Amino acid sequence: MNRHLYREQLDTLRQAPRHASTMADDAFTAFTAYDYGRRRRLHPDVAWEDACRAYAFAAASHADHAGQLDLDTELELEDHWERLRGDAGPDWPVARTLLRETWRWLDEHGAGATRMH
C-alpha cells in the first residue's frame, strides 16, 4: 500500500465536506462524497471522518492488487486495515464495501483519477 497516497487522500477527503465547491475539480473526492451519501442511509453510524479513512485506504491499496479482490487479498487487506485504522474507521465489513465500490470506480475511471494534491 502506498502510505504517501493514503495520507494525501485522507487529508484531502477530511476537508471535502467543508470545501464542496472544490469537489468538481477532483473526481475522486466527488465520487467519495456521492458514495458516502448513498451508503450513509445503510450505515448511519459511520461518520465521514471514519469513512474517508476507508476511501483513502482503498485508493492507496488499489494499484498494489490491480483491483483484484480474491480471498487471499481480502484477508491481507483486512489485517492491514485493522492495524491501520486503530480505534477509528468503520469495521472491516463496512470498510470492505467502501473498498470494493472505490476499486470499481477506479477501474472505470483509471487510477490516475486519485490525483495527489
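Reader: Which side chain meets that of aspartate 79 in a salt bridge?

Author: This is a predicted model, in which local features need pLDDT of at least 70, side-chain atom pairs count only at pLDDT 80 or more, and totals for chains, interfaces and linings use all residues. Residues are numbered from 1 along each chain as its sequence is written, and side-chain values use heavy atoms, with hydrogens and water left out. A salt bridge is a side-chain nitrogen of Lys or Arg within 4 Å of a carboxyl oxygen of Asp or Glu. At 3.1 Å, N to O, the partner of aspartate 79 is arginine 83.

Reader: How far apart in helix H4 are aspartate 79 and arginine 83?

Author: Helices are DSSP runs (H or I, at least four residues; strands are E, at least two), numbered from the N terminus. Because aspartate 79 and arginine 83 are 4 residues apart in helix H4, their separation is about one helical turn.

Reader: Is arginine 83 buried or exposed?

Author: Buried means under 20% relative accessible area, exposed over 50%, and partly exposed in between (1.4 Å probe, protein chains only). Aspartate 79, at 42% relative accessibility, is partly exposed. Arginine 83 has 56% relative accessibility, so this residue counts as exposed.

Reader: Which residues are joined with Glu101 into one network by salt bridges that share partners?

Author: Glutamate 101 meets arginine 38 in a salt bridge of 3.6 Å, N to O; this pair links distant parts of the chain, with glutamate 101 in helix H5 and arginine 38 in helix H2, 63 residues apart. Glutamate 101 also forms a salt bridge with arginine 104 (2.4 Å, N to O). Through shared partners, the network joins Glu101 with Asp35, Arg38, Arg39, Arg104 and Glu108.

Reader: Is glutamate 101 buried or exposed?

Author: Its partners arginine 38, at 31% relative accessibility, and arginine 104, at 36%, both count as partly exposed. Glutamate 101 has a relative accessible area of 14%, and therefore is buried.

Reader: Which helix supplies the largest share of the largest nonpolar core?

Author: A nonpolar core is a set of buried Ala, Val, Leu, Ile, Met, Phe, Trp, Tyr and Cys residues joined through side-chain atoms within 4.5 Å. The largest one has 29 residues, and Tyr6, Leu13, Phe28, Tyr55, Phe57 and Trp81 have the most contacts inside it. Helices H1 (3-15), H2 (27-40), H3 (48-62), H4 and H5 (92-109) each supply at least two residues of this core. The largest share, 10 residues, comes from H3.
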